[in-house]
Amino acid sequence: MKTCEETITGNQKLAELLKEKYDPENSGFISTERFRDLLAAHGSELDPHKLEVLLALADANADGKICYQDFVNLMSNKRSNSFRQAILQGSRQLRNSALREEVGLGLSRRLVRHVAYETLPREVDRKWYFDSYTYCPPPWLMLAITITEVVVFMYYGLQLNRWVLQVSSPYFLKGPLPYHPQLRAQAWRFLSYIFMHAGIEHLGLNMAMQLLVGVPLEMVHGALRIGLVYVCGALAGSLAVSVTDMTAPVVGSSGGVYALVSAHLANVVMNWSGMKCQFKLFRMAMALVCMSVEFGRAVWLRCYPPAFPPCPNPSFVAHLGGVAVGLTLGVVVLQNYEQRLQEQSLFWIFFSVYTLFILCGIFWNIFAYNLLDVKLPPPP
């Protein structure tokens with residue numbers, strides 16, 4: 001088993017040889033025929049999955065030449081847009097066995113392989129991800145959010161001496177975190193409400209979906225992309241409540257969780273034939289059941305007579321706001337593995353629509369409550 005230093009040294013050696021021997025004029029290109037000869041002679045110095053991707057790149061280039069920078073990008077775990085296009089346009093399938101057939105992998109590498117098949121539809125991307133993922137950084141964002149939610153729930157459980165339906169306590173909404181329509185001028189509440197939950201059943205379902213779906217997605221797409229979808233879903237959820245259910249408070253991370261889960265499920269459906277995860281139909285059914293149960297609980301709680309009228313129970317509309325974000329912005333963010341978001345025109349379209357919704361929601365909160373003379377419940 002080669003160490004990382006040995007692999008890097010071998011990659012650098014091959015890159016230098018490629019540059020000096022096959023591109024002495026510094027044109028930036030070499031012929032496909034010479035490129036394949038070089039891979040045949042020095043392929044043993046490369047990681048096997050990178051070698052397969054390079055061979056696929058060679059076969060995908062019908063113009064008879066390959067950009068040297070594409071090779072450098074591969075060696076440095078980067079893929080340029082031209083590299084992606086060359087792979088996408090190639091008609092050749094990877095010739096070696098699928099990643100799932102490899103044996104002798106340790107527990108951590110088996111986990112990475114499992115995540116690759118759970119989230120990526122193409123074998124070339126799965127092998128690329130498996131070869132380059134190093135657990136550095138770890139999927140810290142989803143874990144940090146979940147731990148914070150548990151700590152906050154435990155704190156309020158001890159304070160209120162209540163673990164089920166904490167929202168029925170008169171002191172539940174008095175903290176600085178939940179969204180309340182009377183306190184909407186405190187802008188942080190439009191996001192901080194995700195750390196409060198109505199009870200242990202609410203927290204448990206959200207935690208399960210957040211960890212089972214959010215952590216693998218973060219391992220593949222990174223904290224920045226997953227955080228973007230999660231925060232956009234949470235913010236859209238609270239703003240949707242302030243527009244459509246104007247007198248209700250909001251608690252729970254369902255807006256962000258539903259954005260991630262709906263984006264992932266939509267991505268699986270759109271790439272159904274390429275997704276090779278085991279029991280994918282069963283897993284989709286279980287995810288939909290969990291979402292339905294949690295959403296049904298939220299609808300029941302909203303319609304249930306409040307313990308302290310005239311303040312209603314927390315709204316369920318945040319779930320729908322999260323789903324809307326997941327099916328639009330979230331799908332675009334997760335659809336193209338490693339493609340930069342700024343290169344995707346559809347991303348900018350959905351992001352512009354989302355930004356317009358946020359601006360409309362802000363103006364609605366500033367002016368609509370007074371213009372409509374909405375009778376709000378007293379502050380907690």
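**Group meeting: a glycine, a pocket and some cysteines**

Hi everyone, let's start with one residue: if we skip its neighbours within four places in sequence, G255 is in contact with G233, A234, A318 and G322. Before I go on, please keep in mind that this is a predicted model.

So where does G255 sit? This glycine is part of helix α11. Is G255 buried or exposed? Its relative accessible area is 0%, and because anything under 20% counts as buried, G255 is buried. There is also a through-space pairing to look at on your screens: S238 lies 17 residues away from G255 along the chain, and the two C-alpha atoms are 7.8 Å apart.

Now for the second largest pocket. It holds about 540 Å³ of space. Its lining is made up of 24 residues, and those closest to the centre are E118, L212, V213, R283 and A287. If you want to find the walls in the viewer, look for four helices: α6 (107-119), α10 (200-244), α11 (254-270) and α12 (280-303) each bring at least two residues to the lining. Which helix gives the most? That is α10, with eight residues. And what sort of residues are they, by class? The lining of this pocket counts 18 nonpolar residues, along with three polar and three charged ones.

Next stop, Q335. You'll find Q335 in helix α13, which covers residues 317-335. With a relative accessible area of 31%, Q335 is partly exposed. Again leaving out neighbours within four places in sequence, Q335 touches N267 and M270, in the sense that they are in contact. V268 is worth a click as well: 67 residues separate V268 from Q335 in sequence, while their C-alpha atoms are 9.4 Å apart in space.

Last topic, and one for those of you at the bench: cysteines. As a reminder, a disulfide is a covalent bond between the sulfur atoms of two cysteines. How many disulfides does the count come to here? The count is zero, going by sulfur–sulfur distance in the model. Two cysteines to look up are C290 and C360. C290 has a relative accessible area of 25%, so it is partly exposed. C360 is also in the partly exposed class, at 47% relative accessibility.

To wrap up with the residue we began with: G255 is buried, and its place is in helix α11. Thanks for listening, and I'm happy to take questions!

Notes:
Residues are numbered from 1 along each chain as its sequence is written. This is a predicted model: local features need pLDDT of at least 70, side-chain atom pairs count only at pLDDT 80 or more; totals for chains, interfaces and linings use all residues. Side-chain values use heavy atoms; hydrogens and water are left out. On a 1 Å grid over the protein atoms alone, a cavity is a set of points where a 1.4 Å probe fits but cannot get out, and a pocket is an open set with protein on both sides within 12 Å along at least five of seven lines; lining residues have an atom within 4 Å of a point. Grid points are joined across faces, edges and corners, and a volume is the space filled by probe spheres set on the points. Ala, Val, Leu, Ile, Met, Phe, Trp, Tyr, Cys and Pro count as nonpolar, Asp, Glu, Lys and Arg as charged, and the others, Gly among them, as polar. Buried means under 20% relative accessible area, exposed over 50%, partly exposed in between (1.4 Å probe, protein chains only). Contact means heavy atoms within 4.5 Å. A disulfide is a pair of cysteine sulfur atoms within 2.5 Å.
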